[in-house]
Every structure is written in structure tokens, then in C-alpha cells.
Amino acid sequence: MSEDYRDMWKNLGLDLEAHDALLEVLGNAYQDIYMTQQDRPEGMGYFDFVMSEVHGLRIKELMDKKEAGQKIIGSFCVFVPEEIVLAADAALVGLCAGADFAMEEVDKFLPRNTCSLIKSAFGFNLGKVCPYIESADMIVGENTCDGKKKAYETLNNLVPNLYVMDIPQMKSIEGRDLLKAEYMRFKNAVEELTGITIDSARLKKGIEIVNNKRKAVHRLSILRKANPAPLSGLDALLINQVFFYDDPIRFTDSVNKICDELEKRIEKGEGVLPKGAARILISGCPMAVPNWKLPWIIESSGAVVVGEESCTGERGTRNLTDDSASTVDELMESIVDRYFKVDCAIFTPNPDRLNHIEEMVKTYKADGIIHYGLQFCQPYLMESMSVEKAIEAKNIPMLRLETDYSMEDVEQLRTRVEAFVELLSFRR
Ligand code: SF4
Ligand code: SF4
């Protein structure tokens with residue numbers, strides 16, 4: 001950290017000693033995984049800076065916003081509409097965590113067979129090491145998978161400001177009605193929290209900011225079609241992760257800047273790995289900071305990740321919200337339409353996700369898919385079986401992996417990934 005933020009962290013109630021230990025682990029992992037990459041675009045310097053200040057400058061900015069009367073809303077899921085939050089001059093930040101922390105404490109609150117993502121969010125809260133949780137004026141939980149749904153009942157006893165949003169499980173008319181009703185209830189809750197009435201001009205502005213952010217990320221994704229790939233999957237994942245923390249307008253500018261640079265790289269035929277490197281699509285559970293394990297294993301095995309069918313990837317960012325309507329109710333309908341397309345594995349049945357995976361394989365010219373399932377994540381692990389069957393019927397190779405946040409299985413995963421990369425290289 002370039003500044004001393006200790007007073008700020010102390011005032012937020014962080015456990016400074018534990019927090020120091022976390023930052024050290026995070027910093028070392030970043031050095032080892034990110035800073036050892038070759039031929040990174042210069043534009044990644046911005047994202048390196050954001051990561052180096054993720055608990056520092058960004059928190060300071062959020063504190064300054066609070067000081068000015070603005071509110072901070074934390075979320076664990078891409079179903080929480082940032083458009084509504086921005087329309088009330090509040091900021092939305094991601095609270096998912098990608099590392100094991102305070103696991104002994106977590107075991108007192110959650111069963112062992114809970115996925116790492118939920119455990120990690122609890123660990124960061126119980127260990128008092130997450131300035132985002134501590135600075136949030138409202139924490140939004142959503143009834144998506146059973147694990148989260150029940151965990152929020154427990155979290156409600158640990159934090160003073162949990163708001164739970166119901167989410168449909170079927171893409172039916174009734175399901176859409178439920179989402180609409182929940183988004184209207186959320187709008188009211190945000191208005192109550194902020195004291196701001198969301199009118200159509202505010203909502204349009206919120207939609208515009210989020211659409212621009214998604215357009216920029218989409219522009220970046222499309223550039224990854226090039227061969228050789230102009231950007232590593234690790235760096236693309238980092239950008240997708242920063243999506244959840246950064247100021248949205250500054251983030252959009254920074255993504256567009258790196259896109260300008262990548263376009264020049266593509267013109268010159270430059271890439272991060274040689275042209276012949278196997279191209280892999282990752283599909284499955286989201287990867288929160290600092291969960292970089294799988295892309296790191298893949299890319300240090302000589303392949304390149306060209307796309308992420310994930311909520312820290314295209315599942316979370318594709319599809320824009322139509323902003324052509326003029327009333328708040330019509331704009332809310334557009335927001336519902338946009339989010340109702342998110343094809344999370346909590347939906348049953350969920351054919352859209354399979355179609356999207358196939359579409360991404362074609363778009364990004366992937367040679368194969370690695371399905372990433374977090375241990376004990378029933379929705380994605382169960383769905384991975386039918387995905388594999390359908391994908392292999394199309395003669396697309398797929399490797400199904402199940403893992404957690406520990407580093408104990410790295411060598412075992414590496415052996416399987418290397419064999420898969422070899423198979424893909426042989427088929428080319
Ligand atoms: S995978 Fe599902 S539950 Fe998780 S962030 Fe995405 S939409 Fe939300
Ligand atoms: S990874 Fe799976 S089990 Fe864990 S929170 Fe997401 S959907 Fe639920």
C-alpha cells in the first residue's frame with residue numbers, strides 16, 4: 001500500500017494483525033502469479049494499481065463518499081442490479097471472497113460441506129479482515145443456491161444490515177413476476193436507505209453507466225478471439241474481478257484504454273503466448289479475488305484461457321439493459337428483462353447456459369472446455385454432468401474439475417490439466 005491506511009482500517013473495526021497477514025499473502029500471491037507473466041499489455045498497470053490499493057485507496061474513496069452522505073451497498077451475486085444502486089447515488093461493491101480465512105471460526109457457523117465461496121465470505125467477516133463488509137451500509141443476500149440461502153439466515157445474526165432478496169428458480173412468467181416484485185422492493189429499500197427518490201432520469205443514468213461498463217468488457221472479450229490471444233486469461237479474469245470493486249466510470253475508461261492497446265497488438269500479430277497454444281474456455285462457478293488458481297495452472301501449462309462462462313466473466317456481464325423507455329416502471333421492466341437472462345445453474349431447467357457455452361466455444365475459437373466446479377456446489381457440479389454430455393456429443397473436449405480454495409490439490413490438478421492440454425494440442 002502506498003499510503004498508511006491503518007487508522008482507517010482500525011476505525012472500520014478490522015483486526016489489524018490478521019489483516020496485515022492477509023495482505024501479505026495476497027501481495028505474495030499477486031507477485032508470484034501476476035507479475036511473473038511475460039508480455040503483459042501496459043494497460044494492465046492500472047489494474048495492478050487497483051489491486052495494490054484494493055483495501056487502501058478504494059476504501060478511502062468509499063469512506064469519502066460516506067462522509068459526503070452517499071451509501072455503500074455490498075452484494076454477493078450478479079443478480080443485484082447496480083443500475084438501481086447508482087440511481088440513488090450509492091456504490092455497489094462485491095463481497096465474495098476467494099481465499100480461506102479464519103476457517104476454525106467458520107466451522108462453528110457452517111457445515112463442513114459448504115462451498116469455499118460461502119465459507120470464505122464468512123471467514124472474511126468473522127476474521128474482521130474485509131473493509132468492504134465493514135464499510136457497507138447494506139449487505140444484500142440473495143436466495144440463489146440452497147447454501148447461500150441458508151447461510152444468510154446465519155449471517156443475519158452476524159451483521160446488523162442484511163437485506164435478503166428472493167430470486168426465482170424457474171424461467172417462467174411467475175418467475176419473472178417474482179423478480180420484478182423483488183427488484184421493486186429492492187428499489188424501495190435503496191430509496192429508504194439513501195433518502196433519494198429514484199426517478200426516470202436517475203434510473204436512465206444508472207443504466208447508462210452500467211451498460212457502458214458492460215460494453216467495455218464485451219469489447220475486451222471480443223478481442224480475445226484473436227490468435228495469438230492478445231491478453232492472458234489471468235489478466236482478463238483480474239479485469240472481470242475489478243469490475244465488482246472499482247468506480248464504474250473510471251473502470252470503463254481503463255478497460256477501453258487497454259482495448260485500444262490490444263487492437264494495436266492484434267494488428268501487429270502480437271500475443272501473450274505463441275499462436276499454436278491450446279485455447280481453453282473456462283465454464284462454471286465464479287472466481288472471486290484472490291482465487292486465481294485454475295487459470296494460473298492452465299496458463300503455466302502452456303495453454304491460454306480465451307473466455308470465462310462464469311459470473312466473473314461473460315455470464316455476469318453480457319446483455320445490456322434497454323434504456324429507451326421513459327418511465328420508471330418501464331425502465332424497471334427493462335432491468336428485469338436484462339437480469340432474467342442470467343443463466344445461473346440455480347435455474348431449472350437451464351438450457352440457455354448450455355447454448356451460451358457452445359456459442360462461446362465458437363466465438364472464442366476454443367479447442368476445449370475446462371469446467372470449474374467448487375467442491376460442495378450442488379448447482380454447478382450437478383449441471384456439469386449434463387453439460388459434459390451435451391458438449392462431448394458435439395465433439396468438443398471437456399475436462400470436469402472439482403476443487404476448493406486450498407492449494408493442496410495444485411499438483412494433482414496440474415497433472416490433469418497438462419494431460420488435457422496435450423490432448424488439445426494433439427487434436428489441432
Ligand atoms: S453463480 Fe449464480 S449465485 Fe453465484 S453470482 Fe452467479 S448468479 Fe449469483
Ligand atoms: S459456488 Fe455454488 S454453492 Fe457456492 S455460492 Fe455459488 S452457487 Fe452456491
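Is arginine 214 buried or exposed, and what is its relative accessible area? I put this to the structure first, keeping in mind that I am reading a predicted model.

**Entry 1, arginine 214.** I located arginine 214 in helix α11, which covers residues 200–223. I found arginine 214 to be buried, because its relative accessible area is 4%, and the cut-off for buried is under 20%. I then listed what arginine 214 touches, leaving aside residues up to four places away in sequence, and noted Glu83, Phe243, Gly316, Thr317, Asn319, Leu320, Thr321, Arg338 and Tyr339.

**Entry 2, the sheet.** I traced an open sheet of four strands, with parallel pairing, in the order β2-β1-β3-β4. I noted that β2 (91–94) and β4 (162–166) stand at the edges with a single partner strand each, so one side of each has no neighbour in the sheet. On average, and with direction ignored, I read a turn of 30° between neighbouring strands of this sheet. Looking at one pair, I saw that strand β1 (residues 72–75) and strand β3 (residues 138–143) run parallel and are joined by three bridges, and that glycine 74 has isoleucine 139 of β3 opposite it. I also recorded that helix α10 (residues 173–194) packs on the sheet, where it touches β1, β3 and β4, and that the direction of α10 makes about 160° with that of β4.

**Entry 3, helix α9.** I looked up which residues of helix α9 (residues 146–155) are buried, and noted Lys148, Ala151, Tyr152 and Leu155. Viewed down the axis of α9, the buried residues fall within an arc of 110°, so I take them to line one face of the helix. Among what covers these buried residues I noted α7 (116–126), β3 and β4.

Methods: Residues numbered from 1 in each chain as written. Chains lettered and ligands numbered in written order. Predicted model: local features only at pLDDT ≥ 70, side-chain atom pairs only at ≥ 80, totals over all residues. Heavy atoms only, no water. Pairing = 2+ DSSP bridges. Axes fitted to C-alpha atoms, helices over the stretch in contact; angles between N-to-C directions. Contact = heavy atoms within 4.5 Å. Buried < 20%, exposed > 50% of the residue type's maximum accessible area, 1.4 Å probe, protein only. Arc of directions from axis to C-beta.
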